[in-house]
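Me: I'd like a close look at one spot in this protein, and then your help in fitting it into the rest of the fold. Please take me through it step by step.

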Amino acid sequence: MSKPTIVVTGSSGQLGRELRDASVNLSEYQFIFATRQELPIEEPEQVRLVFQRYQPVYCINCAAYTAVDKAESERDRAFLVNAESVGIQSGTCQQFGTKLLHISTDYVFDGNSAVPLKETDPTGPINVYGASKLEGERLALLNNDDTLILRTSWVYSAYGNNFVKTMIRLMGERPSLNVINDQVGSPTYAADLARMILQIIAAGKFIPGIYHYSNEGEISWFDFASAIRDLTGSSCEIRPIPTSQYPTPARRPRFSLLDKTKIKSVYAAQIPFWRDSLEKCLSQMKKQEA
Ligand SMILES: NC(=O)c1ccc[n+]([C@@H]2O[C@H](COP(=O)([O-])OP(=O)(O)OC[C@H]3O[C@@H](n4cnc5c(N)ncnc54)[C@H](OP(=O)(O)O)[C@@H]3O)[C@@H](O)[C@H]2O)c1
């Protein structure tokens, strides 16, 4: 008998690639990893054909328009990929009886909270990317009864482009770096998030709704950069600066720390501390270089 199938979209991104690595531990399923070229999620007919062919029991949507600053000038594209296409994918899931695991972001919040954000807290995105992801959440939940959304933050991995890699590169090029210290949250190692997703599937109970997931701890980008410096043995000086000294096209929430109580209680999540995960990612990067 053939194994039940899981379709993963956006599979060449950070999370998609970590899922590919982690999927070897869930051998009771057949995984179909689809890149943007293989399955552009804004093409409803292509999405339908993949579902028809594989009849997936789960779809993990890792596809997203993630260029936060560019989204300010590419609103239509951001909404097409992050909202409209997610709605279509979700509707296709409903049609085929597929459970949808969709990924969203801390940027659905306005950043004005002083305490960790719960799934039920009011949203209020302050940039186009956040608004497009929020609309994607709404459509994902509306069009399929079996939708589970994981909101995460500050994702990095040994794969793809991210803050950790940018910092390592800049630290090798410059004697000092200015890094923002008044935006607070927690990073998420995509390998941990991938394991969490597979743990949800392996749990055998699928409870739809929104969940928050990031690594444990509360830090600023300055703290994150300083840890990267310390753990890589760089001598680059890291200087804290306020957001006002680093203007970007998209505004970022000042505070976006996610409260993970729900996922811990429903799925017994054991979430690694951010610094331990950063160490793991750095050693993974070293292995890749070797
Ligand atoms: N990165 C973060 O800091 C962060 C923070 C919070 C939440 N998230 C969310 O976490 C999820 C995974 O993010 P990530 O960091 O893995 O992002 P990523 O590395 O940018 O990967 C996104 C993937 O989606 C693909 N893609 C883009 N448009 C597509 C389309 N129209 N059809 C199919 N695939 C498409 C991209 O393809 P190409 O490689 O060809 O461009 C890429 O492989 C996303 O939902 C994101 O919004 C990310």
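Where is Leu170 found?

Reply: Happy to! One thing to keep in mind as we go is that this is a predicted model.

Leu170 sits in helix α5, which covers residues 163-173. It has 15 other C-beta atoms within 10 Å, so it is classed as partly exposed; a residue needs 20 or more to be called buried and 12 or fewer to be called exposed. For a sense of distance, take Glu216: it is 46 residues away from Leu170 along the chain, and the two C-alpha atoms are separated by 26 Å.

Now for the setting. The protein contains 9 helices and 12 strands. Its C-alpha trace spans about 60 × 40 × 35 Å along the principal axes. The radius of gyration is 19 Å, which agrees with the value near 19 Å that a compact globule of 290 residues would have. Buried residues account for 46% of those 290 residues. Among contacts between residues at least 6 apart in sequence, 84% join residues at least 24 apart.

Next, the sheet. An open sheet is formed by 6 strands in the order β2-β1-β3-β4-β5-β10, and the pairing is parallel. β2 (30-34) and β10 (209-212) are at the edges with a single partner strand each, so each has one side without a neighbour in the sheet. From one strand to the next, the twist averages 20°.

Let's follow the pairing through β3. Strand β1 (residues 5-9) is joined to β3 (residues 58-61) by 4 bridges in the parallel sense, and Val8 stands opposite Ile60 of β3. β3 also runs parallel to β4, again with 4 bridges. In β4, Ile60 has Leu101 as its bridge partner. Ile60 therefore has Val8 facing it in β1 and Leu101 as its partner in β4, since β3 is placed between β1 and β4 in the strand order.

β4 itself is mostly covered, with 7 of its 7 residues buried. In a regular strand, side chains alternate between the two faces of the sheet. In β4, Lys99, Leu101, Ile103 and Thr105 point one way, while Leu100, His102 and Ser104 point the other way, and all of them are buried.

β4 brings us to the ligand. There are 25 residues around the ligand, and those that come nearest are Gly10, Gly13, Arg36, Ala63 and Ala64. Two elements give two or more residues to this shell, namely α1 (14-22) and β4 (99-105). Of the elements, α1 gives the most, with 3 residues. By type, the shell around the ligand has 11 nonpolar, 11 polar and 3 charged residues.

Moving on from α1, we reach Ser23 in the loop between α1 and β2. Ser23 is buried, with 20 other C-beta atoms within 10 Å. Apart from neighbours within four places in sequence, Ser23 is in contact with Phe31 and Leu198. Ser23 and Pro56 are 33 residues apart in sequence, and their C-alpha atoms are 15 Å apart in space.

Another loop, between α2 (44-54) and β3, holds Gln55. Its backbone deserves a look: Gln55 has a positive phi of about 45° although it is not a glycine. Gln55 is partly exposed, having 13 other C-beta atoms within 10 Å. Ala268 also has a positive phi, near 50°, and is likewise a residue other than glycine. Ala268 lies in the loop between α8 (261-267) and α9, and it counts as exposed because it has 9 C-beta neighbours inside 10 Å.

Finally, α9 (residues 274-289) takes us back towards your starting point, by way of Cys281. Cys281 is buried, with 25 other C-beta atoms within 10 Å. Leaving aside neighbours within four places in sequence, its contacts are Tyr156, Ser157, Ala158, Val164 and Tyr189. Val164 falls within the 163-173 range of α5, the helix in which Leu170 is found. Cys281 and Asp110, by comparison, are 171 residues apart along the chain, with 29 Å between their C-alpha atoms.

Terms used. Residues are numbered from 1 along each chain as its sequence is written. This is a predicted model: local features need pLDDT of at least 70, side-chain atom pairs count only at pLDDT 80 or more; totals for chains, interfaces and linings use all residues. The radius of gyration is taken over C-alpha atoms; the globule rule is 2.2 Å times the number of residues to the power 0.38. Two residues are in contact if their C-beta atoms, placed from the backbone, lie within 7 Å. Two strands pair if DSSP finds at least two bridges between them. Axes are lines fitted to C-alpha atoms, for helices over the stretch in contact, and angles run from 0 to 180 degrees between N-to-C directions. A residue is near a molecule or strand if its C-beta atom, placed from the backbone, lies within 6 Å of it. Ala, Val, Leu, Ile, Met, Phe, Trp, Tyr, Cys and Pro count as nonpolar, Asp, Glu, Lys and Arg as charged, and the others, Gly among them, as polar.
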